[in-house]
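Let's take a walk through the aromatic rings of this model and see how they sit with each other and with nearby charges. Have the viewer open as you read.

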Amino acid sequence: MPKGARGSVESAATAAWARQAPTHPQPPLNAPYVLEGATVVLPTGPVQNGRVIIDGTQITTTAPENAPTIDVRNHWLLPGFVDIHNHGGGGASFTSGTVEDVLKGIHTHRTHGTTTLVASTVTGDMDGLVQRAGLLSELAEQGDVAGIHFEGPFISPCRKGAHSEELLRDPDPADVRRLIDAARGRAAMVTLATELPGGLDSVRLLAEHGVIAAIGHTDATYEQTVQAIDAGATVATHLFNAMPPLGHREPGPIAALLEDERITVELINDGTHLHPASLQLAFRHAGADRVAFITDAMDAAGFGDGRYWLGPLEAEVADGVARLVESGTIAGSTLTLDRAFKRAVTLDHLPVKDVVAALSANPAKLLGMYDRVGSLEPGKDADLVLLDADFDVKGVMRKGEWVVDPQLN
């Protein structure tokens, strides 16, 4: 298996074909048309024998009497998934790949139901991150990604995970501002160890600029975490992972993040990053409206085992689990959100309504996009996922076009 690409920056125009070519031919239907008979998961819960009307790129309320109808009985219809923490897929890296590589990774996740995706970077030198921000912001302006998430370099060397310690730095607000500016209004989130020098000032800076400040890769105490939340932090980056464990005398960041209603907690539900009991603890303590399932995916997601690069570090993927070659540290995941959904409802026995909120509505609200995506409601983008009775993907639609054509009559 080849290692992940480390290509040079190229114009997005040279890879426009990757955005235009669907996986399958589009169905020959005149809009509006109706998807009818599925169990449709609405914000209020599943509705059996439901219908969703598609008109062009949007969901609408009515259709003419002669509108074509697609029978989707014995299926589930969910809103398209929203992933706020994703480093790549399909053998391609969002951190180091060319524009064509990035588009390949995006397309891979779309075929697994993720219709809205934030591209995440990993720790690198500042000049390289500024350059990467320019490339990804261009793709954000074109609608290929929903924004940029900078995970590092402003993280703790004590909890660095799969990040290069040599490139870590304290969160100097001037450096944070440099990345915000390089992203040209497309910075969605920055993960910081807020206990480091400059951390609280950087959180305030991010909040002032409408960028999510996420607490992660942190060695903070309970009290320091509370200070960061009061300063404006609103997300816990992959809760439990890369932070001190919950203790009875030193509760650490986990207790502060779980108890505060201002915090949305990211969870990686791949069966590797979290014990099922930890997942249940977080989901039930925070509540269904404060959980965002993420992938934290790296290049191997949707691709296969082998050797890959995660920024400057080499990772080996075996049996779907990525670990750094040098240290054996878990290095992101190979998860796709359709697998996170299926695991949550079949193994974790979480209610479908709550899982869909964690996969769609909650992250859409965090991004300020809930008026367009995150639920199957009239006026929103026609982004949806069609699952069979076993919760396997049979169709994916984005903005009214089938990315994965269900081939239904």
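Before we start, one cut-off: a residue is called buried when its relative accessible area is under 20%, exposed when over 50%, and partly exposed in between. Keep in mind too that this is a predicted model.

How many aromatic pairs does the structure hold? There are 5. Take F303 and Y308: their ring centres are 6.5 Å apart and the planes meet at 75°, and since an angle over 60 degrees counts as edge-to-face, that's the label this pair gets. As for solvent, F303 has a relative accessible area of 35%, so it falls in the partly exposed class. Y308 is at 0% relative accessibility and therefore counts as buried.

Now look at F341 and F391, another edge-to-face pair, with 5.7 Å from centre to centre and 65° between the planes. This one links distant parts of the chain, the two residues being 50 apart. F341 belongs to helix α9 (residues 337-346), while F391 is in the loop between β19 (384-388) and β20 (393-398). Both F341 and F391 are buried. They also have company: together with W76 and F81 they make up one aromatic cluster.

Rings can meet charges as well, so to speak, and Y370 is the place to look for that. Which lysines sit over the ring of Y370? K365 has its charged end over the ring, 4.8 Å from the centre. K380 lies over the face of Y370 too, with 3.3 Å to the ring centre.

Terms used. Residues are numbered from 1 along each chain as its sequence is written. This is a predicted model: local features need pLDDT of at least 70, side-chain atom pairs count only at pLDDT 80 or more; totals for chains, interfaces and linings use all residues. Side-chain values use heavy atoms; hydrogens and water are left out. Rings of Phe, Tyr and Trp (its six-membered ring) pair if their centres lie within 6.5 Å; planes under 30 degrees apart count as stacked, over 60 as edge-to-face and the rest as tilted. Buried means under 20% relative accessible area, exposed over 50%, partly exposed in between (1.4 Å probe, protein chains only). Helices (H or I, at least four residues) and strands (E, at least two) are DSSP runs, numbered from the N terminus. A charge sits over a ring if NZ of Lys or CZ of Arg is within 6 Å of the ring centre and within 35 degrees of the ring normal.
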